[in-house]
Amino acid sequence: MNLSERSALERKAREIRGLTIEEIGYLGVGHIGGAMSIVDLLVLLYHRHMRIDPANPAWSDRDRLVLSKGHAGPALYAVLADKGFFPIDWLLTLNRGGTSLPSHCDRTKTPGVDMTTGSLGQGLSTAAGLALARAMDGLPGFVYCIIGDGESNEGQIWEAAMFAAHRRLSNLIVFADWNGMQIDGYTREVIDMDDITAKWTSFGWHACMVDGHDFEAMDAAIQEARERATPGREKPSIIILKTIKGKGCSFCEGQVSNHNMTYGIEQTMQALQALGVSPRLIPELLAQGR
Amino acid sequence: MTTSREMRAVYAETLVRLVESGRDIVILEADLMKATGTGPFAQRFPSRAVNVGVAEANLVGVAAGLSAGGKIPFAATFACFASRRAYDQFFLAANYAQLNVKLVGTDPGVTAAFNGGTHMPFEDLALMRAIPRLTIAEPSDPVSLAALTALAADTYGCWYLRLQRKPAPVLYEEHEQFTIGRAKVLRTGSRVTLVALGALMVREALAAADMLALEGIPATVIDALWLSPLDEQTLLSHMQCGCVVTCENHRIVGGLGSAVAELIAEKAPGTRLARIGVAADRFGEVGTQDWLAEHFGLTAPHIAAAARALVNGSEQAQTEPAGTGTDSRYH
């Protein structure tokens, strides 16, 4: 990754953060914290790694993404809208009756969303099933899955972990958003997961931990994970991302209360200014000529 | 002479035949392959047989993922685990996500026998019936099992197949045609209609009809086959006798008896109903299947007694002045 590529990704990530803050801010409430913490990853995947075609969301050879921490859907919607999977003004419909953009990801409602998620722990199993189907058919490409740190309390995560390792699903690359917070507080205080990298390694995975806001570090980790598809080295991979919940959202970054929070247009504007991006969605803000 | 066949062998054979004829089926097991009897399938198509170990949540989740990847997954485990343990996974990752997952619940009701109350699902149908659009079927014999398995493979959408593993007598001709949501009328009689679900209860209902015939009470026997969609048309057309007995290897809450009660309340008020099944306040227990069937009142004499009471009550009601005798209209 050269300097200009990294700059472009950083610029795109600021735009996506701005869109996501507007998207939730226009509604007035939502899962801002866990959406912000995975924006850099989503931008890296959708702008550098994933084989996708926004004009053909059902393309059978595409890479898949299962956002198992489905409550972070608004960040994914911003990326997909920006990519052209659907009109960008759909983002203003988040969670409103009849919307195609529900709080938690729904494969039947949103172009570009590959799996329905929201009941935590389930997405990793479905991602493993998707990866297995592709392996059975000898299809190239990867299935990416994003889980949360709080989500890792779920027993099903570890059922799926054993399964994917046993089947040597090297086309499965998982990211764990390790922002250290869950609804009821700091993860170390609710359920301390201790040395998470060691846990996954002991489950038979290729596991590493990198800074989830460092594009070069994440890029290198993804390259390393993809090499696990080499015959003789097959293992599923997990990249644990040290992240900051609410990253880049000035009014809530790093606050343990930001899992699902209420904020309005004024805070939205402040956050956009802090990011250095212009509003793109909210009519009231656009009318101010900004 | 009636021949019997082991139901699980028919299930496995049918899946082999379906793959041989081009269906992209994958079977999933949760360390119960020996019980489900799908070993022959796994030997024939090892790459299409997936054992997830003792992990039912993952079983259903992986099945949903395989479906999203274009496969036709048939995931099997004991019905208690398929329903109670993996309900949220089946509800959300499979049904809500509008995928194509076939979930097979084996050892329903008292057929769990020596595994006892912990493993004895009397509520799986109730749980499944609460899931929108889910197709729910319980084959009654080897022929219907093969046919319904093929229908499941060829019909997009989620299914719950309730499967008795043990041998069951053949009821249907080899080439009998089956249609989703259409029950089969096995016998017609003018005084009472027995509606039964599953191999065990269809057998008991037929035996009850024999007993009733000897008493001069001709009975219709319907093999419901489908709990959802329920064959309302066939059921309603056989309610004109005014007396219906539902027969299920399940608690009387939420399953066939409840479905028929709802149908009667809305579309055939005045029809007398008795529900044969496990009482609402009882859990499963351990014992032989025969002992349990008798213990929970699922056998032919219980069905016949309920039918007899309904018919007698009906006659009594007809001789009583209007406005009385309504207390016993619903049992």
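**Entry 1: the two domains of chain B**

I began with how chain B is divided, and found domain 1 at 4-169 and domain 2 at 184-319. I note here that this is a predicted model. How far apart are the centres of domain 1 and domain 2 of chain B? Taken over C-alpha atoms, I get 26 Å.

Next I looked at where the two domains meet. On one side, 31 residues of domain 1 of chain B are in contact, and on the other, 33 residues of domain 2 of chain B. The size of an interface is often given as the accessible area lost when the parts come together. For domain 1 and domain 2 of chain B that area is about 2,400 Å², with 62% of it on carbon and sulfur atoms. Which three residues supply more of the area on the domain 1 side than any other three? They are Val110(B), Phe122(B) and Arg129(B), which give 31% of what domain 1 of chain B buries against domain 2 of chain B.

**Entry 2: polar links between the domains**

I then turned to the charged and polar pairs. Between domain 1 and domain 2 of chain B I count two salt bridges. I also looked up the pair Arg251(B) and Glu123(B), whose side chains form a salt bridge at 2.8 Å, N to O. Glu123(B) falls within the bounds of domain 1 and Arg251(B) within those of domain 2. For polar contacts across this interface, I find 16 residue pairs, with both residues at pLDDT 80 or more.

Which elements of domain 1 of chain B supply at least two residues each to the side that touches domain 2 of chain B? I listed helix 7 (124-129), strand 6 (135-137), helix 8 (142-154) and strand 7 (159-163) of chain B. Helix 7 of chain B gives the largest share, four residues.

**Entry 3: the sheet in domain 2 of chain B**

Here I followed an open sheet of five strands in chain B, in the order 9-11-10-13-14, with mixed pairing. Its edge strands are strand 9 (184-187) and strand 14 (272-278) of chain B, each paired on one side only. Neighbouring strands are turned by 25° against each other on average, direction ignored.

I checked one pairing in detail. Strand 9 and strand 11 (residues 219-223) of chain B pair in the antiparallel sense, over three bridges. Val185(B) stands opposite Ile222(B), which is in strand 11 of chain B.

What lies against this sheet? Helix 9 (residues 199-214) of chain B crosses strand 9, strand 10 (192-197), strand 11, strand 13 (243-251) and strand 14 of chain B, and runs at about 160° to strand 10. Helix 11 (residues 256-267) of chain B also packs on the sheet, where it touches strand 10, strand 13 and strand 14 of chain B. The direction of helix 11 makes about 150° with that of strand 13 of chain B.

**Entry 4: two backbone details in chain B**

Is the peptide bond from Ser228(B) to Pro229(B) cis or trans? I find it cis, with omega near 0°. Pro229(B) sits in the loop between strand 12 (226-228) and helix 10 (232-237) of chain B.

I also noted Gln98(B), which has a positive phi of about 55° although it is not a glycine. Gln98(B) is in the loop between helix 6 (87-96) and strand 5 (102-106) of chain B.

**Entry 5: where chain B meets chain A**

I moved on to the contact between the chains, where 26 residues of chain B touch 23 residues of chain A. Together the two chains bury about 2,000 Å², 58% of it on carbon and sulfur atoms. I find one salt bridge across this interface, and the side chains of Lys71(B) and Asp137(A) meet in a salt bridge at 2.4 Å, N to O. Nine residue pairs are in polar contact here, both at pLDDT 80 or more.

On the chain B side, strand 3 (49-51), helix 4 (56-68) and helix 6 each supply at least two residues. Helix 4 of chain B has the largest share, with nine residues.

**Entry 6: the sheet in chain A**

My last stop was an open sheet of five strands in chain A, in the order 2-3-4-8-7, with parallel pairing. Strand 2 (64-67) and strand 7 (206-211) of chain A are the edge strands. The twist averages 20° from one strand to the next.

Definitions and conventions. Residues numbered from 1 in each chain as written. Chains lettered and ligands numbered in written order. Predicted model: local features only at pLDDT ≥ 70, side-chain atom pairs only at ≥ 80, totals over all residues. Heavy atoms only, no water. Pairing = 2+ DSSP bridges. Axes fitted to C-alpha atoms, helices over the stretch in contact; angles between N-to-C directions. Contact = heavy atoms within 4.5 Å. Domains from an automatic or database assignment. Buried area = accessible area lost by both parts, 1.4 Å probe. Salt bridge = Lys/Arg side-chain N within 4 Å of Asp/Glu carboxyl O. Polar contact = N/O pair within 3.5 Å; in protein donor to acceptor, adjacent residues only side chain to side chain.
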